[in-house]
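Morning, everyone. Please take a look at the sequence and the structure on the screen. I'll keep this brief.

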Amino acid sequence: MAKIIGGIGTSHIPAIGNAIHKGLQAEPYWKPFFDGYPPVHDWLATARPDVVVMFYNDHGLNFFLDKMPTFAVGAAAQYASADEGWGIPAQPPVGGEPALSWQLINTLVDLEFDIVSCQEMLVDHACTLPLKLLWPQGDWPVTIVPVCINTVQFPLPKASRVYALGKAVGEAVAAWGEDQRVLFVASGGLSHQLDGTRAGHINKRFDLQFMDSLLTNPEWATQFSVHEIVEKAGTQGVELLMWLAMRAALTAAGPSVRKVHSNYHLPISNTATALLALETA
Ligand code: DHB
Ligand code: FE
């Protein structure tokens, strides 16, 4: 049977891609951000995931405003990446895990989630940067199953619905008959707003409360409407819904999780960056 080993939430700001490309990790601006990752690399070296289920939001690469699924699951054998306009280098293609993709798709539809299945799919910075941050040496040691949650074009799914989706994804993985070690990754956030009169909005107090809730009270954020989350965390801060899905997925492995490591640093670009690695009991 598949084994759920843990979950990781991480920011995906495009500028990270350029910082890696230019080797700026030790610069004073970047060091407090990149210093968060080595303890997680150490954990990954012992936890040895085979497959990553990646919760992320597409930013206009694979889906554009003309066609915007609320939830979409990749079912490709390979995922090429491209830059949707940030000027960051594309990463090498990453292998898919079609058998797990179809396990997820079948289970989700059976549980009455009306998802879009994608047998061809381009992945953007929100999918590739977490991989690059977690495995900086290149050559991906994992395959992926992308799970896209719309946080780009309103109406967005409610936090409670995202939690339910994450829980269903966890159940689907737990029921997968293959002897594979599965890691959930959540890509996005935390608080940030890139445009409008509140551009630059950051809410450290809320971010830390949210991160803490993932350990102590995973459903805490489901009390908020999407508009309340936007108000607290910013228009793009709603990406924290990915983290909620990741934590909900972990419930399939048991009621509690152990914190491996966390980091919180602001700002990078206009964003409060965060990293949280959780291990199942
Ligand atoms: C930034 C943050 C994001 O989440 C994103 O998708 C694009 C840009 C930023 O802070 O620059
Ligand atoms: Fe984003």
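I'll talk about the ligand and its surroundings, then about one glycine. Keep in mind that this is a predicted model.

Let's start with ligand 1. Where does ligand 1 sit? Ligand 1 sits in the largest pocket.

Now, which residues surround ligand 1? Start with the histidines: His12, His59, His125 and His192 are among them. Ile13, Pro14, Trp86 and Leu194 are also part of the surroundings. So are Glu239, Ser269, Asn270 and Thr271. Sort this shell by character, and you get four nonpolar residues, seven polar and one charged.

Next, the polar contacts. Take His12. An N or O atom in the His12 side chain is 3.0 Å from an oxygen atom of ligand 1. Move on to Ser269. A polar atom of the Ser269 side chain lies 2.6 Å from a ligand 1 oxygen. Then Thr271. Its side chain places a polar atom 2.6 Å from an oxygen of ligand 1.

How much of ligand 1 does the protein bury? On its own, ligand 1 exposes 290 Å². The protein buries 95% of that area.

Now the glycine. Find Gly60 in the loop between strand E2 (51-56) and strand E3 (71-74). Is Gly60 buried or exposed? Neither: Gly60 has a relative accessible area of 24%, so it counts as partly exposed. Buried would require under 20%.

One last distance. Gly60 and Asp83 are 23 residues apart along the chain. Their C-alpha atoms are separated by 10.0 Å.

That's it from me. Thank you.

Conventions
Residues are numbered from 1 along each chain as its sequence is written. Chains are lettered from A and ligands numbered from 1 in the order in which they are written. This is a predicted model: local features need pLDDT of at least 70, side-chain atom pairs count only at pLDDT 80 or more; totals for chains, interfaces and linings use all residues. Side-chain values use heavy atoms; hydrogens and water are left out. A residue is near a molecule or strand if one of its heavy atoms lies within 4 Å of it. A polar contact is a pair of N or O atoms within 3.5 Å; within protein, one must be able to donate a hydrogen and the other to accept it, and residues adjacent in sequence count only if both atoms are side-chain atoms. Accessible areas come from the Shrake-Rupley method with a 1.4 Å probe; for residues, only the protein chains shown count as cover. On a 1 Å grid over the protein atoms alone, a cavity is a set of points where a 1.4 Å probe fits but cannot get out, and a pocket is an open set with protein on both sides within 12 Å along at least five of seven lines; lining residues have an atom within 4 Å of a point. A molecule sits in a cavity or pocket if more than half of its atoms lie within 2 Å of its grid points. Ala, Val, Leu, Ile, Met, Phe, Trp, Tyr, Cys and Pro count as nonpolar, Asp, Glu, Lys and Arg as charged, and the others, Gly among them, as polar. Helices (H or I, at least four residues) and strands (E, at least two) are DSSP runs, numbered from the N terminus. Buried means under 20% relative accessible area, exposed over 50%, partly exposed in between (1.4 Å probe, protein chains only).
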